Amino acid sequence: MTLLPPTDGLTATTTPAASPTPATRGGPGTAARGRRRWMPRPTVTMAASATVLAVLAIAALFPGLVAPGDPLAIDPSASFQAPSLAHPFGTDESGRDILTRVVHGAGPSLLIGVSATAIGVGLALVFGLLAGLGPRWLDFGTTRLLEVLFAFPGLLFALLFIVVYGPGIVTSTIAVGLSTAPGYARIIRSQVLVARRSPYLEAATVLGRGRAWRITRHLLPNVAATLFVLVTLGIGQSIVWASSLSYLGLGAAPPTAEWGAMLSAGRTYITSFWWMTFFPGLFIVISAVATTLLGRSIQARSRRS
Amino acid sequence: MAGSLTPTAHPTARPGGAGRPRTRLPALRWLLLRLGGAVFVVWAVATVTFFAIRLIPGDPAEAIVGGPGSQASDEALAEARADYGLDQPLPVQYLQYLGRLLRGDLGRSYALRDDVTTVIGENVGGTLTLAVASLALASVIALALAVWSARGGRAAGAVTSLLEIVAAAVPHFWLAISLILLFSSTLGWLPPVSVPGPLGLVLPVVTLALPLSGFLGQVMRESLLTALSSPFVLAARARGEGDSGVFWRHALRHAAIPAIGLAGWAFGALISGAVVVETIFARPGIGRSLLSAVQGRDVPLVTGIVISVAIVYMIVTTLTDLADRLVDPRLREEAR
């Protein structure tokens with residue numbers, strides 16, 4: 001079920017004993033690295049990936065500014081043109097400009113990724129907090145439920161969901177969100193459990209702080225850091241999975257200027273007109289790599305400090 | 001590689017087992033609990049699937065006789081209903097369904113008019129070949145990246161890290177298209193669709209293996225670096241072990257443990273990837289059958305494949321947990 005693999009210290013592995021304690025991380029020498037700052041200076045990776053994402057966001061919000069043309073304008077006389085100065089990314093079977101369509105496709109594609117991640121992380125937050133903070137029986141029940149959901153690995157749950165509710169842009173977005181939720185939920189649960197047993201929460205209890213204060217002022221801010229990394233990493237993954245569904249004809253349908261749908265439309269022409277599939281796919285890769293790099297660099301920084 | 005791990009290579013292995021802290025869960029009880037849990041999950045998956053497909057709008061009998069637009073006669077519909085047991089009350093249908101599952105009967109495909117088990121049996125070989133070859137290739141690439149990044153200094157670390165992230169982020173379908181463009185259309189070295197024989201296997205395997213190697217590489221590199229900075233490596237050095245001895249005999253073995261734990265996840269990733277890869281390369285297999293079943297709303301075939309995948313997933317995760325316990329003595333001391 002996890003689309004993100006259980007990598008590194010964020011995750012509890014399938015084994016119960018492996019919950020990482022902060023002491024085992026970092027290793028020697030990390031404590032000496034620099035003093036703490038309130039706003040840490042961004043690394044090169046962080047700045048570069050954030051810039052790429054900002055450009056993509058501008059294209060998504062104001063596509064007309066970046067590419068003034070109409071993404072749906074048909075010009076049969078100019079169909080299947082190879083990349084040139086007039087059409088840097090070439091044209092498709094109806095003579096539509098691929099560059100314009102790629103720019104206008106940024107909005108829907110990123111929106112799908114963001115919505116799917118919001119659904120997945122939102123559900124996961126509910127489950128993770130219920131399991132991590134609730135009574136023992138609730139933790140037991142939630143953990144069993146997650147185990148069942150994990151037995152629909154990868155895209156399987158999404159495919160089952162699409163069988164029931166039919167293909168389309170909305171169902172595929174929800175399907176990707178639901179498929180990713182159990183993986184996030186397990187990470188959030190383990191983070192909540194780590195935070196619950198932490199010395200700072202013990203200190204707050206000793207100081208006589210109430211339960212609500214401890215949860216809102218101490219526990220949630222600590223889980224939020226993990227959440228931020230999860231969301232950043234998740235958006236890239238969601239875009240990839242949602243576009244895979246579109247490519248398979250189960251997500252956004254071809255006339256729409258969405259990257260996955262454009263790929264799906266170009267599928268029949270792969271060997272003759274490569275630019276129809278190459279460029280939309282390139283932008284999926286760029287956005288996925290940029291979000292992953294950003295997420296990883298934030299994660300590396302938070303672990304170091 | 002897991003079986004060869006000796007406890008002495010382990011940081012927490014205590015000589016003679018002296019001073020064991022917590023109560024020790026007997027291995028047999030652990031195994032029974034684990035198996036019981038696995039059976040529960042398979043039952044739950046079957047139940048969820050059974051009731052989920054009842055949410056599909058429309059009459060399943062119409063899907064059997066050929067979709068909503070088929071204008072089948074009432075007799076044909078009634079016959080189809082009786083044929084597939086759809087005229088029974090829901091609880092009876094559910095119990096019959098569970099009974100058939102226990103006998104290993106997954107029902108009959110609507111579209112192919114064939115037993116689901118037969119369809120799976122015909123297709124499982126292709127997917128298995130693809131998955132095993134991809135997993136092997138991905139492990140080799142991941143291991144090479146991890147070793148290179150650990151031994152090659154800072155620059156190598158940064159390069160491999162970037163390579164792994166890019167590999168993990170590339171969607172299968174785009175990778176497949178790019179590989180077809182390069183090796184089939186431009187160079188003409190390899191066939192663009194999967195033909196029988198080893199040559200037709202190259203592009204599908206590479207497509208499936210590269211993203212997987214990115215994920216595996218990240219995990220292996222991380223655990224390798226943790227292992228290299230842990231006390232048992234220092235202890236090995238203190239005993240006079242050389243650089244390569246420390247690396248190959250101690251750190252690398254230790255780094256394999258988290259990779260074993262990823263087996264369940266890797267299985268899911270391979271199945272999902274197979275859906276895309278088998279479709280693009282027109283290769284017969286479970287993934288392609290699943291996709292055409294989803295597109296045609298062939299409910300028995302979809303549920304049959306989903307349940308089979310869940311069963312195999314549970315077998316894989318149970319075995320990896322077992323392997324983890326055999327390899328890692330710390331886990332045997334965990335009591336809940």
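The legends below describe close-up views of a predicted model with chains A and B. In this predicted model, local features need pLDDT of at least 70 and side-chain atom pairs count only at pLDDT 80 or more, while totals for chains, interfaces and linings use all residues. Residues are numbered from 1 along each chain as its sequence is written, chains are lettered from A and ligands numbered from 1 in the order in which they are written, and side-chain values use heavy atoms, with hydrogens and water left out.

**View 1. The contact between chain A and chain B.** Chain A and chain B each bring 58 residues to the contact (heavy atoms within 4.5 Å). About 4,900 Å² is buried between them, 77% of it from carbon and sulfur atoms; buried area is the accessible area (1.4 Å probe) lost on putting two parts together, summed over both. Four residue pairs are in polar contact between the chains, both residues at pLDDT 80 or more (a pair of N or O atoms within 3.5 Å, one able to donate a hydrogen and the other to accept it; residues adjacent in sequence count only if both atoms are side-chain atoms).

**View 2. The chain A side of the interface.** Two or more residues come from each of helices H4 (136-150), H5 (156-165), H8 (211-247) and H10 (275-304) of chain A (helices are DSSP runs of H or I, at least four residues, numbered from the N terminus). H10(A) gives the most, twelve residues.

**View 3. The largest cavity.** This cavity holds about 230 Å³ of space; a cavity is a set of points on a 1 Å grid over the protein atoms alone where a 1.4 Å probe fits but cannot get out, and lining residues have an atom within 4 Å of a point. The volume is the space filled by probe spheres set on the points, which are joined across faces, edges and corners. Of the 21 lining residues, Trp241(A), His172(B), Pro211(B), Phe215(B) and Ala269(B) are the closest to the centre. H11(B) gives the most to the lining, with five residues.

**View 4. The salt bridge of Arg189(A) and Asp139(A).** The closest N and O atoms of this pair are 2.8 Å apart (a salt bridge is a side-chain nitrogen of Lys or Arg within 4 Å of a carboxyl oxygen of Asp or Glu). Arg189(A) lies in H6 (residues 169-196) and Asp139(A) in H4 of chain A, 50 residues apart.

Definitions and conventions
1 Å grid on protein atoms, 1.4 Å probe; cavity = no way out; pocket = protein on both sides within 12 Å on 5 of 7 lines; lining within 4 Å.
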